[in-house]
Amino acid sequence: MPELPDVELFRRHLDTSCHGRTILSATVADPKLLSGIDAAQLARRLAGTRIGASRRHGKHLFVAVGDAGWLGLHFGMNGSLLHLAPGDADPSYDRVRIDFADGHGLAYLNPRRIGEVVLVDDPDAFAAAERLGPDALDPKFERADFERRLAGTRRELKALLMDQAAVAGIGNIYSDEILFQARLHPSRRSDRLDAAERRHLWEQMRAVLETAVAAGAGAERLTERLPSRCLIPQRKRDGRCPRCGAAIAAAKFGGRTGYFCPRCQPQGG
Ligand SMILES: [Zn+2]
């Protein structure tokens, strides 16, 4: 599932390949993914607008489209964005396709058809309405705020990190990596961390996400691109801890399978 680093890479791909291009037409192959607008309305409002600035909040990407406001994209289970050069073959699973006046194009791909395409006036208002917490990499998001969120609830760490209302952008894969790097068991209670553990979790959350973005760790080639000290390449049967060599364990946490090192991340903490 695309998480913050993946969506940030989609954003950069969009910026470098489509910024400034004028939309000729938008074609919706799957109206089920639209929210609050129908296919004809979307096409009418996008036509003639230019791709402007882009923003990301957690796993949501927003693209300024002139008078039409902001096109908001959520990638669900396995969505992505693909720039199309003139003459490129039509890709598979393009649920929304934008054709530019200069022959280029942009495809919103979504094989599993879980996700959302919206047109909004204000991304901040959208994030508030969706009850999204602060973006995990937002420079304005401060450690004291994160620590208050940890202390203010009695939830297991993995579930809390994955809760988009607590902090936006982290899912199943990166919550495992962050907890591994912070040496915290996924089921530790958020309100029972000591000051050093809270601080370490904050620092590792930032470091892991920044490292993944810098490595260009898009979902498809994640395991090839991350440093070898990472847990993610070992999130599999027979995986080994890159730090101590112990067998990686898997267990259900709040309904999701999490991976961790039982030796580096002891339950008692
Ligand atoms: Zn270990």
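## Helix H6, a covered helix

A residue counts as buried when its relative accessible area is under 20%. By that cut-off, helix H6 is mostly covered in this predicted model. Of its 11 residues, 10 are buried. They are Asn172, Tyr174, Ser175, Asp176, Glu177, Ile178, Leu179, Phe180, Gln181 and Ala182.

What do the buried residues of H6 pack against? Four helices and a strand are the partners: H1 (4–18), H5 (157–162), H7 (195–214), H8 (222–225) and S10. Just after H6 comes Arg183, with a positive phi of about 60 degrees.

## Asp176

Asp176 sits in H6, which spans residues 172–182. Is Asp176 buried or exposed? Its relative accessibility is 1%, so it counts as buried.

The side chain of Asp176 has a polar partner. A contact of 2.9 Å joins it to the side chain of Arg235. Sequence neighbours within four places aside, Asp176 touches Lys158, Leu231, Arg235, Thr257, Gly258 and Tyr259.

## The S9–S10 hairpin

Thr257, one of the contacts of Asp176, belongs to strand S10. Its bridge partner is Lys252. Strand S9 covers residues 249–253, and S10 covers residues 256–260. The two strands run antiparallel and are joined by five bridges.

Together S9 and S10 form a hairpin, with two residues between them. Gly254 lies in the turn and has a positive phi of about 55 degrees.

## Nonpolar cores

In soluble globular proteins, nonpolar side chains tend to be buried together. Here, the largest nonpolar core has 29 residues. Which residues have the most contacts inside it? They are Phe146, Ile170, Tyr174, Leu201, Met205 and Leu209. Helices H4 (143–151), H5, H6 and H7 each give two or more residues to this core. H7 supplies the largest share, six residues.

Leu201 shows how its surroundings are built up. Leaving out neighbours within four places in sequence, Leu201 is in contact with Phe146, Leu150, Leu157, Leu161, Ile178, Leu179, Ala182, Leu184 and Leu193. Another core lies apart from the largest one. That second set has 28 residues, including Cys18, Val28, Leu33 and Ile98.

## The ends of helix H2

Helix H2 runs over residues 39–46. Asp38 caps its N-terminal end. A side-chain oxygen of Asp38 lies 3.1 Å from the backbone nitrogen of Ala40. Just after H2, Gly48 takes a positive phi of about 90 degrees.

## The whole chain

The chain has eight helices and 10 strands. Its radius of gyration is 20 Å, close to the 18 Å that the globule rule gives for 269 residues, so the chain is as compact as a globular protein of that length. Along the principal axes, its C-alpha atoms fill a box of roughly 60 × 35 × 30 Å.

How much of the chain is buried? Of the 269 residues, 53% count as buried. The exposed area of the chain is about 12300 Å², and carbon and sulfur atoms supply 47% of it. Many contacts link distant parts of the sequence: among those with a separation of 6 or more, 63% come from residues 24 or more positions apart.

Definitions and conventions
Residues are numbered from 1 along each chain as its sequence is written. This is a predicted model: local features need pLDDT of at least 70, side-chain atom pairs count only at pLDDT 80 or more; totals for chains, interfaces and linings use all residues. Side-chain values use heavy atoms; hydrogens and water are left out. Buried means under 20% relative accessible area, exposed over 50%, partly exposed in between (1.4 Å probe, protein chains only). A polar contact is a pair of N or O atoms within 3.5 Å; within protein, one must be able to donate a hydrogen and the other to accept it, and residues adjacent in sequence count only if both atoms are side-chain atoms. Contact means heavy atoms within 4.5 Å. Two strands pair if DSSP finds at least two bridges between them. A nonpolar core is a set of buried Ala, Val, Leu, Ile, Met, Phe, Trp, Tyr and Cys residues joined through side-chain atoms within 4.5 Å. The radius of gyration is taken over C-alpha atoms; the globule rule is 2.2 Å times the number of residues to the power 0.38. Accessible areas come from the Shrake-Rupley method with a 1.4 Å probe; for residues, only the protein chains shown count as cover.
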